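Visitor: I am new to this structure and would like a close look at a single part of it, with enough of the surroundings to place that part. Please go slowly and explain each term as it comes up.

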Amino acid sequence: MLLLLIVILIADIPAVSQSIINTAHNLSVSGPGTVKASSESEICIFCHTPHNSRPDHPLWNRNDPGSTYVLYTSSTTQALIGQPDGSAVLCLSCHDGTIALGDVLSRATPITFAGGVTTMPAGSSNLSTNLSNDHPISFTYNSALAAADGELKDPSTLIGPVRLENSKMQCTSCHDPHANIYSDFLVASTLASDLCLNCHEPDYWSSSSHKNSAKTWNGTSPDPWFHTPDSYTTVAQNACENCHNPHLAETTPRLMNFSTEENNCLVCHNGNVAAKNIQVQMAKSNRHNVYAYNGVHDPTESAWVQSKHVECEDCHNPHAANTTSASAPNVKGSNAGVRGI
């Protein structure tokens with residue numbers, strides 16, 4: 001009997017550690033976060049109600065925000081991105097910052113929050129109604145899209161934690177609102193971009209230095225990995241997020257960390273991470289003046305360039321670049337995967 005009790009207790013440990021009770025989504029007065037109700041003790045009520053819910057799965061206790069969102073767009077996407085639907089609307093009823101967190105259908109008056117909080121406070125959790133700098137959602141992810149894109153895995157192979165909702169990519173494909181195992185309620189670790197690589201399959205990536213480099217940051221400002229966990233200390237560990245930010249990116253399209261294109265390269269290639277200081281080279285009189293242009297280069301532009309410009313990515317493909325030496329008929333690794341070479 002004692003052995004059986006021990007087994008039961010051990011089996012319960014993961015469930016307790018993953019409970020919503022211990023996460024920021026516990027908005028009740030007992031919640032561990034700073035954003036929480038001033039007196040409401042119920043936990044599930046902020047999202048669900050057993051009676052008089054909206055006619056949506058699963059017993060939703062919040063109104064549709066009814067917002068028209070600015071959507072992600074890019075010259076290189078083949079996805080047909082529409083206004084948020086499905087579970088994304090449920091998430092955005094808090095995370096677009098337009099509806100009070102305590103405004104639930106099962107209460108005649110909104111639940112009050114501590115510190116005078118009403119809507120989602122400004123910060124990384126408030127996506128606003130401008131979703132153009134966030135990973136796209138509410139689009140059909142099927143075999144046709146994967147074939148048209150060429151760098152997405154066929155959704156039939158998605159056997160990992162990422163799940164589609166009615167064949168669509170939604171917030172819940174990457175986030176589990178009930179369990180915060182990996183931080184940010186993600187369904188998989190971002191270490192070495194494990195989460196991203198469930199769906200994305202960039203050409204040349206397996207041999208790229210940005211996938212494999214063990215280079216570390218020397219601590220000199222600016223921080224090249226400002227939005228990733230402090231425990232990710234190498235280029236390989238940060239992987240996709242060396243350059244990209246899935247939410248609230250500085251630039252759209254392509255969700256880059258910095259709006260000034262060359263800064264996405266020089267934040268590492270300034271001698272603080274990469275051994276060679278390219279930023280110093282760019283200060284010389286005779287150089288490609290990447291600083292003179294911004295937002296002109298486009299991956300789909302014609303080989304007969306109509307708008308004069310030069311950017312790092314005209315000569316370097318960050319998904320392909322590596323340290324191999326040139327050996328005919330192959331080009332130098334730093335120029336690998338570049339169209340026209």
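Among contacts in the protein chain between residues at least 6 apart in sequence, what percentage join residues at least 24 apart? And once that is clear, where is Leu 186 found, and which residues does Leu 186 touch, not counting those up to four places away in sequence?

Guide: Of the contacts between residues at least 6 apart in sequence, 56% join residues at least 24 apart, where a contact means heavy atoms within 4.5 Å. Before going further, please keep in mind that this is a predicted model, in which local features need pLDDT of at least 70 and side-chain atom pairs count only at pLDDT 80 or more, while totals for chains, interfaces and linings use all residues. Residues are numbered from 1 along each chain as its sequence is written, and side-chain values use heavy atoms, with hydrogens and water left out.

The average pLDDT (the predictor's confidence in each residue, from 0 to 100) is 92 for the protein chain, and 95% of the residues score at least 70. Residues 1-17 are another matter, since their pLDDT is below 50, and beyond near neighbours in sequence this stretch has one contact in the model. Where pLDDT is low, the predicted coordinates should not be read in detail.

As for the overall layout, the protein chain has nine helices and two strands, these being DSSP runs numbered from the N terminus, with helices (H or I) of at least four residues and strands (E) of at least two. Their order along the sequence is α-α-β-α-β-α-α-α-α-α-α, and the C-alpha atoms fill a box of roughly 70 × 55 × 40 Å along the principal axes.

Now to the part you asked about. Leu 186 sits in the loop between α4 (171-174) and α5 (209-212). Is Leu 186 buried or exposed? Leu 186 counts as buried because its relative accessibility is 12%, and the cut-offs are under 20% relative accessible area for buried, over 50% for exposed and in between for partly exposed, with a 1.4 Å probe and protein chains only. Leaving aside residues up to four places away in sequence, Leu 186 touches Cys 174, His 175 and Leu 195. Ser 173 lies 13 residues from Leu 186 along the chain, and their C-alpha atoms are separated by 8.9 Å.

The loop between α4 and α5 also holds Ser 183, whose phi is near 85°, a positive value in a residue other than glycine. Most residues other than glycine have a negative phi, and most peptide bonds are trans. Ser 183 is classed as partly exposed because its relative accessible area is 34%.

From Leu 186 the path leads on to Leu 195, which touches several residues beyond four places away in sequence, among them Val 162, Cys 174 and Leu 186. Leu 195 is also one of the residues with the most contacts inside the largest nonpolar core, alongside Phe 139, Tyr 141, Leu 145 and Cys 199; this core has 18 residues. A nonpolar core is a set of buried Ala, Val, Leu, Ile, Met, Phe, Trp, Tyr and Cys residues joined through side-chain atoms within 4.5 Å. A second, separate core has ten residues, including Ala 37, Phe 46, Ile 111 and Met 120. In soluble globular proteins, nonpolar side chains tend to be buried together.

Helix α4, at one end of the loop, is also among the elements that cover the buried residues of α2. Helix α2 (residues 87-95) is mostly covered, with seven of its nine residues buried, and the buried ones include Ala 88, Val 89 and Leu 90. Just after α2, Gly 97 takes a positive phi of about 75°.

In the loop between α2 and β1 (139-140) is Ser 138, with a phi near 60°, which is positive in a residue other than glycine. Ser 138 is buried because its relative accessible area is 3%.

At the other end of your loop, past α5, comes the loop between α5 and α6 (235-238), where Pro 222 is found. Ser 221 and Pro 222 are joined by a cis peptide bond, with omega of about 5°. For the chain as a whole, buried residues make up 35% of the 341 residues.
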